[in-house]
Amino acid sequence: MWWWWVGGSTDLGLLLLRDGGVSIIDREEQREGDAVSCAEIKAEETEESSDPIRASPTPSPPTMKLSVLLFLLLSSLHPSSSQRYNALFSFGDSMADTGNVRIAKLPYGMTFFGNATGRCSDGRLVIDFIAQALGFPLLPPSQEEHDFKRGANFAVVAATTLGFEFFNERNLSRGLWVNASLHTQVERFERLLPSICGAPQGDAHMLAIACRLIGLGAADIIVPGVLPVGCFPLYLTNFHTPDPEDYGPKTGCTRSYNALSWLHNALLRKALDRLRRKHPAVSIRYADYYSQIIDFAINPLKYGFTAGALRTCCGKGDNIYNYDQGRRCSENNFTVCDDVSTHVNWDGIHMTEAAHRAIAGGWLH
């Protein structure tokens, strides 16, 4: 069996709501919210080139993104295979990139690796802890020369779900600086399959189709929702308001941004319900990223986060969030906290290794 972690990003501008009203309710402390009345979202598929990653020398500041992660437990096409996994492959953005784009330097990577590896954290990511728990080595970046028979990481920092053309046609491409959408990542995986499997191209193509279509060999699917972006120091600082009513009384997070994250997750869960009805023989489960981060914010001491959940470890800011867009981590006049393990947030938008460990542990156990 192979374990697939497939992820991507959706810009908030792609949240298309049609045919009816939308009820956005504050669900800051709620784990299982009431249903939200809203129209069905249709994803538009677009073609894009398979050009290599394009990166500008000076990437724009990060735009607001909702990361979507999808775990697929796919059995091989041989029914006699055991329940042990032979390989692990990862797709997505900066939540999962282990080195396909290396735009950072120390202190990124300081906690575990001792040097910057391309991971957007002080150490390991959730995918790293999952790989280690399953007995795999840390996944090598697909852009480098490696033996990928036990797995590979195709995730790319700042990747989106849809291709450049979708954003360009709608004048939404400002801030995009890589051509590495989820579609492109899967294409790269398809091209790599013959060398991984030792199979002829036809068999590799069939296996790739099985990866995309849930009904062909899927054994167990776990789909995490998105994080509460209203708890990120970047947005808490850049979109700060003086009105205390804009913030949750228990978390201190921005209500409106978290409401949008909650709405996204509600729509995702509805989509998963439809998927379950279509594929009743497949186990499809939802993993709650949102509530985990909310619990970090409400009960940080329970997890050992004595610095709380809303304060950046790496950076420099003259505010309670220790964040300044002009003094970000590894840039001008930044500082690093004395004990990274006491922080949830690493650089204003990404989490620390300690937070990744807690989340992975919750999902695995």
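## S142 and its surroundings

In this predicted model, S142 counts as buried because its relative accessibility is 15%, which falls under the 20% limit. The residue lies in the loop between α1 and β4 (151–153). Leaving aside neighbours within four places in sequence, the contacts of S142 are N100, F148, N153 and F154.

## Helix α1

The helix that precedes this loop is itself largely enclosed by the rest of the structure, since six of the eight residues of α1 are buried. These buried positions are V126, I127, D128, F129, I130 and A131. Just after α1, G135 adopts a positive phi of about 85°.

## Nonpolar cores

The largest nonpolar core comprises 33 residues, and F296 and M351 have the most contacts inside it. At least two residues of this core come from each of α1 (126–133), α5 (233–238), α6 (255–278), α7 (289–298) and α8 (353–364). Of the contributing elements, α7 gives the most, with six residues. Both domain 1 (10–15 + 85–218) and domain 2 (226–280 + 289–364) are represented, each with at least three residues in this core.

A second, separate core contains eleven residues, including F89, F148, F154 and L182. Two of these residues, F148 and F154, are also in contact with S142.

## M351 and its contacts

Which residues does M351 touch, not counting those up to four places away in sequence? They are M95, C120, S121, L227, Y289, I293, V344, N345, W346, H356 and I359. M351 is thus described by two roles in the packing: a residue with the most contacts inside the largest nonpolar core, together with F296, and a lining residue of the largest cavity.

## The internal cavity

Rolling a probe the size of a water molecule over the atoms shows where empty space is left. A search of the whole structure finds one cavity of 30 Å³ or more. The largest cavity holds about 50 Å³ of space.

Its lining consists of C231, F232, I293, A297, A309, L310, V344, N345 and M351. By class, eight of the lining residues are nonpolar and one is polar, with no charged residues. Among the lining residues, I293, V344 and N345 are also touched by M351.

Technical notes: Residues numbered from 1 in each chain as written. Predicted model: local features only at pLDDT ≥ 70, side-chain atom pairs only at ≥ 80, totals over all residues. Heavy atoms only, no water. 1 Å grid on protein atoms, 1.4 Å probe; cavity = no way out; pocket = protein on both sides within 12 Å on 5 of 7 lines; lining within 4 Å. Points joined across faces, edges and corners; volume = space filled by probe spheres on them. Nonpolar A, V, L, I, M, F, W, Y, C, P; charged D, E, K, R; others polar. Core = buried A, V, L, I, M, F, W, Y, C linked by side-chain atoms within 4.5 Å. Buried < 20%, exposed > 50% of the residue type's maximum accessible area, 1.4 Å probe, protein only. Helix = DSSP H or I, 4+ residues; strand = E, 2+ residues; numbered from the N terminus. Domains from an automatic or database assignment. Contact = heavy atoms within 4.5 Å.
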